[in-house]
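Here are a few short exercises to work through with the model open beside you. Try each task before reading its solution.

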Amino acid sequence: MKLPGARSLRVRVTVLATVLVAAAGLLLLWLAWTLVGDAVDAVPHMPPGTIVRVDGIDVDASTLAQHLRTHAVTRVLIFGSLAFCFVVAAAAILAWTFTSRVLRPLREITGTAQRLSIESMGERIGEIRSRDELAELARTFDAMLDRLQDAFDSQRHFVANASHELRTPLSVIRTELDVTLSDEHADEAEFRRMAGVVLDATNRAGQLVNSLLLLARTDGAGLVTRELVDLTVLVERAWSAVRGEAEQRGLRADFVMQPSPAIGDSALLERIAGNLVENAVRHNVDGGWIEVTTEPGAQWSVLRVRSSGGLLDPAAVPELFQPFRRAGVARTARSGAGLGLSIVRAAVQAHGGTVAAEPVVGGGLAVTVRLPTV
């Protein structure tokens, strides 16, 4: 495959090398011509009118000296010009040949880039014979393609899961409408039942859309506002929102909290605490327990939420921070779309903090968040 860009560069390099060699050759030819002329002029001159015999012929010495000078200079010019043409031609041929070899890896890189598309992201340049900067460029390009492929795969997975989650409530709504409307004997009670199911499905779809919008706004974005917030206040608000559900399921909650300041967006910080407490309640087992701890620090404030639940594979715990990921049946709530920890991670990263999770011995999950205080 011929690449115009690489071929144009090859021509420019060849022309540049040839011009440089030609300039150097002209300079050397001029120096040789000058030196020969000076050398001939430096030969001692005989007195005017001196006759010398050359091949049996008497010749004036001054005429002979002029002839020898002209002959020497002419031979320098002739052989120098021949040598100049040979050197320039050889330089052009060598530059064209070696430039082709040097630019071959660049052509491979460019060709791979031109063939790439979303459907062929798996193609790579691989190892090239060059061991210079072009080889480093090829490795960097392959590493970039690996990151892009991971991003595309993650995006496909996210869109597929989002579509699936949205399709479920929409299917429920359509099914209820079709069944109820097709029943000619449906009474008011049946329509009220259908309305309740449709309302629940609509609320679920609305919660999912709101979570997706929050995740899109938070993931990879910077902070709009920065203010001092006490994590204990956020935890109390989050607990008041789910206390009724926790009491219905018989969950025991223990709070060990100290005033813990954090700097950041109060809305996002409240969402961090809210999601962690909500997950601890909704992904728990009936009659289980919850422990919430806040600890202040010189540079970091810590929020830790531990809860009982089903057994978790330690290797699968990091996947919980991916959108729509749930680990184990015991940690799958009846409501929610699996975006809680994804939003927590995005919000914590936006604040420059860290978040980590680990399984609890006997079943459950512990999530620890560190947020900057300055």
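**Exercise 1.** Which residue in S7 does Val-292 stand opposite?

*Solution.* Before starting, note that this is a predicted model, in which local features need pLDDT of at least 70 and side-chain atom pairs count only at pLDDT 80 or more, while totals for chains, interfaces and linings use all residues. Residues are numbered from 1 along each chain as its sequence is written, and side-chain values use heavy atoms, with hydrogens and water left out.

Step 1: Find the strands; helices (H or I, at least four residues) and strands (E, at least two) are DSSP runs, numbered from the N terminus.
Step 2: S6 and S7 pair in the antiparallel sense over 6 bridges; two strands pair if DSSP finds at least two bridges between them.
Step 3: Across from Val-292 you meet Val-305.

**Exercise 2.** Place this pair in its sheet, then find the helix that lies across S8 and S9.

*Solution.* Step 1: The open sheet has 5 strands in the order S4-S6-S7-S9-S8, with mixed pairing.
Step 2: Its edges are S4 (252-257) and S8 (354-359), each pairing on one side only.
Step 3: The helix across S8 and S9 is H7, which runs at about 20 degrees to S9. Axes here are lines fitted to C-alpha atoms, for helices over the stretch in contact (heavy atoms within 4.5 Å), and angles run from 0 to 180 degrees between N-to-C directions.

**Exercise 3.** Describe the largest nonpolar core.

*Solution.* Step 1: Such a core is a set of buried Ala, Val, Leu, Ile, Met, Phe, Trp, Tyr and Cys residues joined through side-chain atoms within 4.5 Å. Buried means under 20% relative accessible area, exposed over 50%, and partly exposed in between (1.4 Å probe, protein chains only).
Step 2: Of its 34 residues, Ile-272, Leu-276, Leu-303, Val-369 and Leu-371 touch the most other members.
Step 3: Helix H6 (266-282) is among the elements giving two or more residues, and H6 supplies the largest share, 8 residues.

**Exercise 4.** Which side chains meet Arg-193 in salt bridges?

*Solution.* Step 1: A salt bridge is a side-chain nitrogen of Lys or Arg within 4 Å of a carboxyl oxygen of Asp or Glu.
Step 2: Arg-193 meets Glu-176 at 2.7 Å, N to O. Arg-193 lies in H4 and Glu-176 in H3, so this pair ties together parts 17 residues apart in sequence.
Step 3: Arg-193 also meets Glu-190 at 2.9 Å, N to O; both lie in H4, 3 residues apart, about one turn of the helix.
Step 4: Glu-176 is buried at 15% relative accessible area, whereas Arg-193 is partly exposed at 37%.
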